[in-house]
Amino acid sequence: MERWAPQKNDVLGALADEILHNYARGRGVIGVDGRHNSGTAEFADDLAAMFLVQGRIVERTSLDGYTSVAAGVLTVDGEGFRREVVTPFRAQPGDAMLIVDGTGAHLPAVRGSWNFSIWLDSDADAEAENHDAAGSSAEPGADTDARTAEAEYVYAEDPSRLATAIYNNRDPKHPRRVFADSC
């Protein structure tokens with residue numbers, strides 16, 4: 001027997017309502033974080049569409065152009081991101097939302113940019129855990145560096161702890177809110 005799961009539109013509608021309840025006026029910036037292939041861009045696009053349905057002005061961008069991996073370390077150009085994206089967005093008049101997707105949204109250089117942040121738990125997390133447990137048997141190269149950098153980022157920063165909300169995105173048609181608080 002199949003388990004019932006809420007539809008994506010219902011989940012994203014509730015998320016948009018929650019964000020608008022807290023940030024109804026002004027220019028809010030939302031970060032959508034997750035491992036590579038966790039569906040951050042699609043989730044952010046669908047959330048943007050939900051804000052549009054509710055009559056809000058929405059802008060979309062990615063953090064990808066500001067992140068890099070070197071020697072197995074994920075970094076982000078927070079100063080460039082704020083100067084080129086966040087500051088110009090916030091300087092504009094009117095109410096609007098900027099939704100930014102990308103791995104590394106909870107790195108110290110940018111984590112203060114968000115009014116609301118989301119961590120997507122996905123099959124990419126399970127794959128990474130299995131890969132990490134198996135050891136470093138993968139071929140060397142950029143993909144290995146990126147995978148190592150992601151694993152280090154998740155371990156060192158614990159973005160699921162820093163996020164305002166966590167969503168299980170293992171079934172992208174039926175994302176679920178996860179309440180992983182410590183109380």
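**Warm-up.** Which residue just after α2 takes a positive phi? Find G55: its phi is about 85 degrees.

Before going on, note that this is a predicted model, where local features need pLDDT of at least 70, side-chain atom pairs count only at pLDDT 80 or more, and totals for chains, interfaces and linings use all residues. Residues are numbered from 1 along each chain as its sequence is written, and side-chain values use heavy atoms, with hydrogens and water left out. Helices (H or I, at least four residues) and strands (E, at least two) are DSSP runs, numbered from the N terminus.

**Exercise 1. Check the length of α2, then find its buried side.**

Step 1. The expected span of a helix is 1.5 Å times one less than its number of residues. For the 14 residues of α2 this should give 20 Å, and the end C-alpha atoms are 20 Å apart, which agrees.

Step 2. Now sort residues by burial: buried means under 20% relative accessible area, exposed over 50%, and partly exposed in between (1.4 Å probe, protein chains only). In α2, the buried ones are T40, F43, A44, L47, A48, M50 and F51.

Step 3. These buried residues cover an arc of only 155 degrees around the axis, so they sit on the same side of α2. The arc is that of the directions from the helix axis to the C-beta atoms. An α-helix has 3.6 residues a turn, so residues three or four places apart point the same way.

Step 4. Turn to the other side of α2, where L52 and V53 are exposed.

Step 5. Finally, ask what covers the buried residues: the cover includes α1, β1, β2, β5, β6 and β7.

**Exercise 2. Compare T40 with A24.**

Step 1. T40 lies in helix α2, while A24 has its place in the loop between α1 and β1.

Step 2. With a relative accessible area of 10%, T40 is buried; A24, at 33%, is partly exposed.

Step 3. Contact means heavy atoms within 4.5 Å. Leaving aside neighbours within four places in sequence, T40 is in contact with V32, D33, G34, D101, G102 and L120. Not counting residues up to four places away in sequence, A24 touches R56 and D95.

Step 4. Try one distance too: A24 and M97 are 73 residues apart in sequence and 9.7 Å apart in space, C-alpha to C-alpha.

**Exercise 3. Trace the sheet and what packs on it.**

Step 1. Write down the strand order: 6 strands form an open sheet, β2-β5-β1-β6-β7-β8, with mixed pairing. Two strands pair if DSSP finds at least two bridges between them.

Step 2. Look at the edges. β2 (58-62) and β8 (176-178) each have a single partner strand, so one side of each is left without a neighbour in the sheet. From one strand to the next, the twist averages 25 degrees.

Step 3. Zoom in on one pair: β6 and β7 run in the parallel sense over 4 bridges. The bridge partner of D121 in β7 is N168.

Step 4. Add the helix α3 (residues 78-91), which packs on the sheet and touches β1, β2 and β5.

**Exercise 4. Locate the largest nonpolar core.**

Step 1. A nonpolar core is a set of buried Ala, Val, Leu, Ile, Met, Phe, Trp, Tyr and Cys residues joined through side-chain atoms within 4.5 Å.

Step 2. The largest has 22 residues, and L15, I30, L47, F51, I99 and I118 have the most contacts inside it. Apart from this core lies another, of 21 residues, among them V85, F89, V100 and A163.

How values were computed
Axes are lines fitted to C-alpha atoms, for helices over the stretch in contact, and angles run from 0 to 180 degrees between N-to-C directions.
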